[in-house]
Amino acid sequence: MQRHVRERFKALADTVGQRGGQALASVLILGATAIAPEPRYLGYALVVLAIGWVATLVGLKPYYLERFKRQLRDGAVDTEVGVPDLDLPAFVMMVEALSAADDAEVVAALDMFEAYGKADKVPALILYHPSRVVVLRAFEMFARCERQDVQRLTDRLLEHDDAEIRSAALRVLAGTRPDEALLRRFFDEDKSPSVRSTALVAMMSCGFCDEDEAQQSLRGMLDRDCGFTRIALARALRHLPTKQFSWLGLALARFSEPALALEVARSMGAAPHEDYIPALIEMLSHREARNAAREALIAHGPKVLRKLRDKLQFVERGTFVRDHCNQWTSALGSWIPHGT
């Protein structure tokens, strides 16, 4: 069930079910008082109601577990809402889902482990899963877990054939056990732009290189006429201090490459900066990056509305960008506080 649908029906259930049940119970109590039966009959009625309540809970449990399993199988579990306490059958089902043949089910199980705060219960051997999607999601989750078993397996995956997996492994080690010599070796010797950019960002965050050295290295990578290098820089953008390195995002946004525009928009949304807003507005005309640009604009908050209104003064009427500016000025104006 979609989140907005669930929230709408939950509000209805809370209003009608809870308040309606209280009203019905009050009517029954008044009726019982008016009839004035013997106390033992009231006791019998309470026992029958209690038995019915327990039977309802027991009967609903298989349906709840089946629905939970179906959502894991479909990869449709919504982890952005509050979750109740995890019971043992559901936990066992999540562990079983880690061995599923469908990658979406495994990723959904990992999402649930993280949502429940049980990431430390996920076996580290998930990093040897044959699917790169699963391994990258596991690395993202383990980045906040200082587990020795994870670190041992991460060391081995630094030599993986997949550059994205090497990058993820390097990112985890830099966050848990920083090693300047290791990071510089990957920055100097690895052939993958993704790994080299990851190593550079890690050296900066660990204090192994100053801002001037990082600026020079980034400009050197940007000047290379290589699409893979630019995409790697776009993905690394979200991990850089936006105040000092917003110029990199603006420089990458000038290239008219659809795949690059998508990655730039995603990073701009993950690390918002006011300088990015005009570039994101321009990205609304790119079909591939349009949705990511919308989400990034929302992430920038109230300041977006002012920029959109300014943009409308300079864009010709009837153009695609102007249409989107009009739509978003109207939409954002409904939730941005007055006076901002």
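## Cysteines, salt bridges and a nonpolar patch

User: How far is the sulfur of C206 from the closest cysteine sulfur?

Analyst: In this predicted model, the closest cysteine sulfur to that of C206 belongs to C209. A disulfide needs the two sulfur atoms within 2.5 Å, and this pair is too far apart for a bond. The distance from C206 to C209, sulfur to sulfur, is 9.5 Å.

User: Thanks! How many disulfides does the structure hold?

Analyst: C209 takes part in no disulfide, its nearest cysteine sulfur being that of C206. The gap between them is too wide for a bond. For the structure, the number of disulfides is zero.

User: Is C209 buried or exposed?

Analyst: Its neighbor in this comparison, C206, is partly exposed at a relative accessible area of 25%. For C209 the relative accessibility is 9%, and the limit for the lower class is under 20%. C209 therefore counts as buried.

User: Moving on to charges, which residue meets the side chain of E180 in a salt bridge?

Analyst: Look along helix α8 (residues 180-189), where E180 and its partner are four residues apart, or about one helical turn. E180 is partly exposed at 33%, and its partner is also partly exposed, at 25%. The closest N to O distance is 3.2 Å, and the partner is R184.

User: What is the distance between the closest N and O atoms of R230 and E257?

Analyst: R230 and E257 form a salt bridge. This pair links distant parts of the chain, 27 residues apart: R230 sits in helix α11 (residues 227-236), and E257 in the loop between α12 (242-253) and α13 (258-270). R230 is buried at 6%, whereas E257 is partly exposed at 23%. Their closest N and O atoms are separated by 2.5 Å.

User: Which residue forms a salt bridge with R235?

Analyst: The closest N and O atoms of this pair are 3.6 Å apart. R235 lies in helix α11 and its partner in helix α13, 28 residues away. R235 is partly exposed at 35%, while the partner is buried at 10%. Shared partners join E164, R235, E263 and R266 into one network, and the residue paired with R235 here is E263.

User: One last thing: what is the area of the nonpolar surface patch made by W53, V54, L57 and V58?

Analyst: Take L57, a member of this patch, which lies in helix α2 (residues 39-74). L57 is partly exposed at 46%, and patch members need over 30%. Together with W53, V54 and V58, L57 makes a nonpolar patch of about 430 Å².

How values were computed. Residues are numbered from 1 along each chain as its sequence is written. This is a predicted model: local features need pLDDT of at least 70, side-chain atom pairs count only at pLDDT 80 or more; totals for chains, interfaces and linings use all residues. Side-chain values use heavy atoms; hydrogens and water are left out. Patches are made of residues with over 30% relative accessible area and no salt bridge: like charges are joined within 9 Å, nonpolar side chains (Val, Leu, Ile, Met, Phe, Trp, Tyr) within 5 Å. Accessible areas come from the Shrake-Rupley method with a 1.4 Å probe; for residues, only the protein chains shown count as cover. A salt bridge is a side-chain nitrogen of Lys or Arg within 4 Å of a carboxyl oxygen of Asp or Glu. Helices (H or I, at least four residues) and strands (E, at least two) are DSSP runs, numbered from the N terminus. Buried means under 20% relative accessible area, exposed over 50%, partly exposed in between (1.4 Å probe, protein chains only).
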